[in-house]
Structures are given as C-alpha cells and as structure tokens.
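Grab a pencil and work through these exercises with the structure on screen. Try each task before you read its solution.

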Amino acid sequence: MKTMNRRSAIALGLTTAAVTPLFTLAASAKIKKYGPKEGKEIAPGVRMVEVGTGNADIPAYKSIAIVDVVFQPGAHAPQSVMDNDMVCTITSGAFTIKKADKEFKLKVGDMYRCAKGKTDESTNTSKEVGVHRIAVLIPA
C-alpha cells in the first residue's frame, strides 16, 4: 500500500466533503414521490423540481444545484443544449438517452454526465414515473 502524503490527504478530504451531500440527496430521492403538478413543466409530462443548492468546494465550480427532473411514463424531453456541466443519476424508472454521437439505456442507480455545450435527449421507457437527479455544476 502506498503512503498518503499531505496533498493526497487534502484532495481526498475535499472530494469527500463535496460528494457526501450528493449521496445523501440521492438516497432521499428514492423515497420522495412527486405529485403531477410539482415543479415547473419543461416538456409535456416532464417537470423540474429544485431540490437545493450548496457550495461546491471544487476549484472550478462555486456551487452545485440539485434538481430532480420527473418524467411521466413514456414522457420525452426533446434535445437541448446543456448550459452547465452536470452529473445525472437515475433514481426511478428506465430511460433511453440520446447524445450527438451515441444512444444508451439506463436504469435505477445508473449515472451519466452531460458536458456544457453538448446536447442531450431523454425518454422514460418504463411504465412508472421516472426521475433524473441532476447535480448541476455552477462555474466559479
């Protein structure tokens, strides 16, 4: 086993501090059931619910906003350009994600990333309400 130097210990501590709240929020999403009118409609059958915002403690970012995007069964969010870097996790449902260069399927617990300036398109392919929990990285 390698010994840990001071820089490694500080980097590990900062990373842990930044990521721990995301795991806590992701765990709570499995329990939360959203009503059909909660949040703001962004496409037919697709609503965005703001969960919270916190400091990023990551040099390139000043804060992280957590949002849940709630999809009714079969709902589709059309292609859009990402305004920020994002990390997304599926907390319920199953989805097909289309990017400019690929298409893939995700289920509960799967994660993916969206880069600023890139496109993304999502469809809930399950028969249940689907939720994307998204960590939006706000630049410093």
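## Exercise 1: Strands S5 and S8

Strand S5 (residues 85-92) and S8 pair in the antiparallel sense, with four bridges between them. This is a predicted model, where local features need pLDDT of at least 70 and side-chain atom pairs count only at pLDDT 80 or more, while totals for chains, interfaces and linings use all residues. Residues are numbered from 1 along each chain as its sequence is written, and side-chain values use heavy atoms, with hydrogens and water left out.

Task: find which residues stand opposite Cys88 and Val87 in S8, then sort S8 into its two faces.

Step 1. Get the terms straight: strands are DSSP runs (E, at least two residues), numbered from the N terminus, and two strands pair if DSSP finds at least two bridges between them.

Step 2. Look across from S5: Cys88 faces Tyr112, and Val87 faces Arg113.

Step 3. Now take S8 (residues 111-114): Tyr112 and Cys114 make up its covered face, Met111 and Arg113 its uncovered one. In a regular strand, side chains alternate between the two faces of the sheet.

## Exercise 2: Two sheets

Task: write down the strand order of the six-strand sheet, and then that of the four-strand sheet.

Step 1. The six strands run in the order S1-S2-S3-S10-S5-S8, forming an open sheet with antiparallel pairing. S1 and S8 are the edges and have a single partner strand each, so one side of each has no neighbour in the sheet. On average, neighbouring strands here are turned by 35° against each other, direction ignored; the axes are lines fitted to C-alpha atoms, and angles run from 0 to 180 degrees between N-to-C directions.

Step 2. The four strands go S4-S9-S6-S7, again an open sheet with antiparallel pairing. Its edge strands are S4 and S7 (103-107), each pairing on one side only. Here the twist averages 20° from one strand to the next.

Step 3. Check the links one by one:
- S4 (residues 76-81) and S9 (residues 119-124) share four bridges, and Ala77 has Ser122 as its partner in S9.
- S6 (residues 94-98) and S9 share four bridges too, with Lys98 partnered by Glu121 in S9.
- S6 and S7 pair over five bridges, and Phe95 is matched with Leu106 in S7.

## Exercise 3: Pocket and core

Task: which residues are closest to the centre of the largest pocket, and which touch the most other members of the largest nonpolar core?

Step 1. A pocket is an open set of points on a 1 Å grid over the protein atoms alone where a 1.4 Å probe fits, with protein on both sides within 12 Å along at least five of seven lines; lining residues have an atom within 4 Å of a point. The largest one has a volume of about 540 Å³, meaning the space filled by probe spheres set on the points.

Step 2. Of its 25 lining residues, Ile42, Ser80, Met82, Met86 and Ile134 are closest to the centre.

Step 3. A nonpolar core is a set of buried (under 20% relative accessible area, 1.4 Å probe, protein chains only) Ala, Val, Leu, Ile, Met, Phe, Trp, Tyr and Cys residues joined through side-chain atoms within 4.5 Å. Of the 19 residues in the largest core, Phe71, Met86, Tyr112 and Ile134 touch the most other members. S3 supplies the largest share, four residues.

Note on methods. Buried means under 20% relative accessible area, exposed over 50%, partly exposed in between (1.4 Å probe, protein chains only).
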